[in-house]
Every structure is written in structure tokens, then in C-alpha cells.
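Visitor: Could you take me through the sheet in this one, strand by strand, and what packs on it?

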Amino acid sequence: MIKSNLKKFSIILMAATMFGSCDAVQNANNTQKGAVIGTTAGAVLGGVLGNNVGNKENSVLGAVIGGVVGGVAGGIIGKQMDKQAQKIEEEIPGAEVTRVGEGIDIVFDETSGVYFDTNKHNINTKSRTNLNKLVGIFKEYPDTNIIVEGHTDSSGDDAYNLELSKKRANAVTSYLISQGISKERLTTYFHGETLPKYDNATAEGRAKNRRVELGVLANEKMIEDAKSKVD
């Protein structure tokens, strides 16, 4: 089952409660949540999400949440993202796949499908194999944009970590392009140690923070196609 991000959705639930629709969201699947968000809360709920989830400038979550369309069109987009997320999880079992709003958040750490040796940024053989699986899925769903984001743990010098995260994110982006993914679909961010998801005080947490994170969101064509089905 695709991992649920309870913290993110707790914000959705709180905002939905403000508009008298908590039960509808709690009982909805990811696709239905997209429609409920847009029809019950509209721009106000979009603002709540934008201010509380992924609020770091130039981040995967910020871009995914910022791209929420909402309404029935959002539900249509959500249905397509449900299918794509399920396929990613099936193809790359080690990936942490989370459906967020109308997009997908994919996290690869040192124990999963796309990772790097210590202080290295080259794409190793195992990572290449799994990236090839992603390429196939991205080609199957061409009407999406892809964000590649690099992170490190807190060990070492801040400036070094920032540069290493940049090199790792760029390495993934370059590989995707080399395999036929249009560069127009890709945006690359890098944050060094500044956006940890886990506790850097533990070895396990540091290993998980040495990660590459990908975001998948609808492009303009997907959005317009979804809106045309509503008209």
C-alpha cells in the first residue's frame, strides 16, 4: 500500500473540518480527496496547504502542493496519479512512494533503489537499473513534470554538503535526460543538509537523509485535459 503521509493529510483534515466536510475526506481515497479539496475549500484550503506543507522555497513538496488544481478536475488528475504511484511502488519496492495532493513524492535513500556511495555522486549499476524502470513509467505518463531534489545528512561541512547534494541531483537529472526524458519536464533542486526528514542524531536517520527525492506533478496539458472533461 502506498505510504500515507499522516502529517500532511492531518492539515487537509483540519482545513476540511473548517468547511464541514471532515467525514468526506476521511473516507475518501486519494482520487476522491483531490475532488473534495477543491469543491469544499477552494482557494482558502489551497492557501492553508501552501502555507503549512512543503513551505520551503524550491522544494518537491512545495511544488507539488503549489500545483494543486482541486475540484472535479483535481479528482481526475488524482486518479491518474494513483495509477502512476502504484506502478512506481510495484516496480521499485525500496522506494518510499507518497501521494500528496494531486502529485507524487518519491524518496530514495541509502537502502533503496537509487543511492550513492559515501561522498560520491556517480550513478552506480543498481541505481541505473532502477532509474531505467522509472524512465519507462515516466514515458508511459508523458503529461507530467518531474522534480529531482538532492539532500545530505548533517555530517561534515555545510558548503560541501550543499555541493554534494547538487552533484547528486544533477547526476540523476542528467541520467533521465540521457534515457529520453525531455529536459523541459525536469527541474532540479538541491538543499544539502537543510531539509532533513529524519533524525540526524542517529546513524539510521543520517542514512535516510542522504537521499534523492523526486516529485511528479501534472503539466499544463494534463491540467487542461482534466478541465476539458469537466466542461
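Guide: Sure: 5 strands make an open sheet, ordered E1-E2-E5-E3-E4, with mixed pairing. Strands here are DSSP runs (E, at least two residues; helices are H or I, at least four), numbered from the N terminus, and two strands pair if DSSP finds at least two bridges between them. At the edges stand strand E1 (96–100) and strand E4 (186–190), each with a single partner strand, so one side of each has no neighbour in the sheet. From one strand to the next, the twist averages 20°.

Keep in mind that this is a predicted model, where local features need pLDDT of at least 70 and side-chain atom pairs count only at pLDDT 80 or more, while totals for chains, interfaces and linings use all residues. Residues are numbered from 1 along each chain as its sequence is written, and side-chain values use heavy atoms, leaving out hydrogens and water.

Now look at E3 (residues 144–150) and E5 (residues 212–218): they pair in the antiparallel sense over 7 bridges, with Ile147 opposite Gly215 in E5.

As for the helices, H5 (residues 71–91) lies across E1, strand E2 (103–108), E3 and E5, and runs at about 175° to E1. Helix H7 (residues 158–178) lies across E3, E4 and E5, at about 165° to E4. Those angles run from 0 to 180 degrees between N-to-C directions, with axes fitted as lines to C-alpha atoms, for helices over the stretch in contact; contact means heavy atoms within 4.5 Å.

On confidence, the chain averages a pLDDT of 78, and 75% of the residues score at least 70; pLDDT is the predictor's confidence in each residue, from 0 to 100.
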